[in-house]
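User: I would like to learn how to read a few features of a protein model, taking one helix, one sheet and some salt bridges in turn. Please give the general idea before each case.

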Amino acid sequence: MTAIGLTGEDEAKVEEFAGSLFMACLAAMELANVELGVRLGLYETLAGAGPLTAVDLATGAGIAERYAQEWLEQQAVAGVLEVDDPAKPARERRFNLPNAHAHVLIEDDSEACMKPCASVIPWISKALDIMVEEFRNGTGASFGLFDLHDIQAAFTRPAFVNHLTQTWLPALVDVQAKLTAGERVRIAEVGCGEGLAAITIAAAYPNAEIDGFDLDQASIAVARTQAADAGVAERARFEVRDAADPAIVGEYDLVMAIEMLHDMPDPVGILQTMKRLAGDHGAVLVVDERAEETFTVPATEMERFFYTFSTLHCLAVSMQHDGVGTGTVIRPATVRRYAADAGFSAVDVLDVEHAQFLLYRLR
């Protein structure tokens, strides 16, 4: 091992950097305990129930009392739960889940929901195993290999529920006019994942017909089930199919790709397909990460978040089959370059505010 000489200034930086990594470790471990509570239904048991003892939680959730006690105390010191009197004997202490915290931990449709963040913790182990080899080989890895589809759907769900029909589609004035007029509107979604966007649109507009295409069989299976459960399976249809298949025919009123272009080995080919499916009169919408215009250090928290997913997943998916290797941090200039190479003459960034996403209309 090489000895590293340190100056006095270095010593101060050592303490600061070591402290930051310890805090990162602490945050990860506390998120793991949140995931434990999610999986065991402990937050649902606590929500609205008022202060509970460990015995109460154990009985209500069907878990062992000693584990209930330790988890309640951990959640209290982490600031997730409130405790009535820390000085009481352990079995007499009562713990309460504040309504605001319950909202963050339970409400799947809320933009404040952080359950997907906790679910990342167990997934990281799988991603690391894949990416250690991938960093050495550099050949790319398939989306399905990561088993990420449920987590990705959970992250995007609040955006679809709260923005898709409220602000995103209205920003496409011509498409929105057809939807609100009750005309038949045909929509294609490439890389549809678990189909949440298509199902949301179909539920809001009975005149909309959406065809979703994705190569991930697990995602399509979930999409079909959820469409049936929502009662829109006849109008929200899903196929395990390469969106670049020339046998797919338009003309669609809207062709959209939501948070998937950065994963594509051949993004230009996908955009060419979207252009063909839209024909002469359809709209083409690409929704992808709100990356900064240029690489900058220090970066925003969102940019840092994008990079963590890129090195653990997205870059590898975009490098398979000799792909271009875009990665999660897809900058606006990159989208414009891909669009130009695909034959589009203009790219408009729609006037829609969202912390994570930018909306591009390609013309």
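User: Which exposed residues does the face of helix 10 turned away from its buried side carry?

Analyst: An α-helix has 3.6 residues a turn, so residues three or four places apart point the same way. In this structure, the face of helix 10 that is turned away from the buried side carries the exposed residues Gln217 and Asp229, where buried means under 20% relative accessible area, exposed over 50%, and partly exposed in between, with a 1.4 Å probe and protein chains only. This is a predicted model, in which local features need pLDDT of at least 70 and side-chain atom pairs count only at pLDDT 80 or more, while totals for chains, interfaces and linings use all residues. Residues are numbered from 1 along each chain as its sequence is written, and side-chain values use heavy atoms, with hydrogens and water left out.

User: Which residues of helix 10 are buried, and what covers them?

Analyst: Ser219, Ile220, Ala223 and Ala227 are buried in helix 10. They lie on the same side of helix 10 because they cover an arc of only 95° around the axis, the arc being that of the directions from the helix axis to the C-beta atoms. The cover over the buried residues of helix 10 includes helix 7 (149-168), helix 9 (196-204), strand 4 and strand 5; helices (H or I, at least four residues) and strands (E, at least two) are DSSP runs, numbered from the N terminus.

User: What span should helix 10 have at 1.5 Å a residue?

Analyst: The expected span of a helix is 1.5 Å times one less than its number of residues. For the 13 residues of helix 10 (residues 217-229) that gives 18 Å, and the end C-alpha atoms are 19 Å apart, which agrees. Just after helix 10, Gly231 takes a positive phi of about 75°.

User: In what order do the strands of the open sheet lie?

Analyst: Two strands pair if DSSP finds at least two bridges between them. Here 7 strands form an open sheet in the order 5-4-3-6-7-9-8, with mixed pairing. Its edge strands, strand 5 (236-240) and strand 8 (347-349), each pair on one side only, and the twist averages 20° from one strand to the next. Strand 8 is joined by 3 bridges to strand 9 (residues 357-362), and the two run antiparallel; Val349 has Tyr360 in strand 9 as its bridge partner. Helix 13 (residues 332-341) packs on the sheet, touching strand 8 and strand 9, where contact means heavy atoms within 4.5 Å.

User: Which residue does Arg237 meet in a salt bridge, and is each partner buried or partly exposed?

Analyst: A salt bridge is a side-chain nitrogen of Lys or Arg within 4 Å of a carboxyl oxygen of Asp or Glu, and by this rule the count comes to 20 salt bridges. The side chain of Arg237 meets that of Asp211 at 2.9 Å, N to O. This pair links distant parts of the chain, with Arg237 in strand 5 and Asp211 in strand 4, 26 residues apart. Arg237 is partly exposed, at a relative accessible area of 31%, whereas Asp211 is buried, at 10%.

User: Which residue forms a salt bridge with Glu303?

Analyst: Glu303 forms a salt bridge with Arg331, their closest N and O atoms being 2.7 Å apart. Glu303 sits in helix 12 (residues 301-319) and Arg331 in the loop between helix 12 and helix 13, 28 residues apart; both Glu303 and Arg331 are buried. Elsewhere, salt bridges that share partners join Arg184, Arg186, Glu209, Asp211 and Arg237 into one network.

Technical notes. Axes fitted to C-alpha atoms, helices over the stretch in contact; angles between N-to-C directions.
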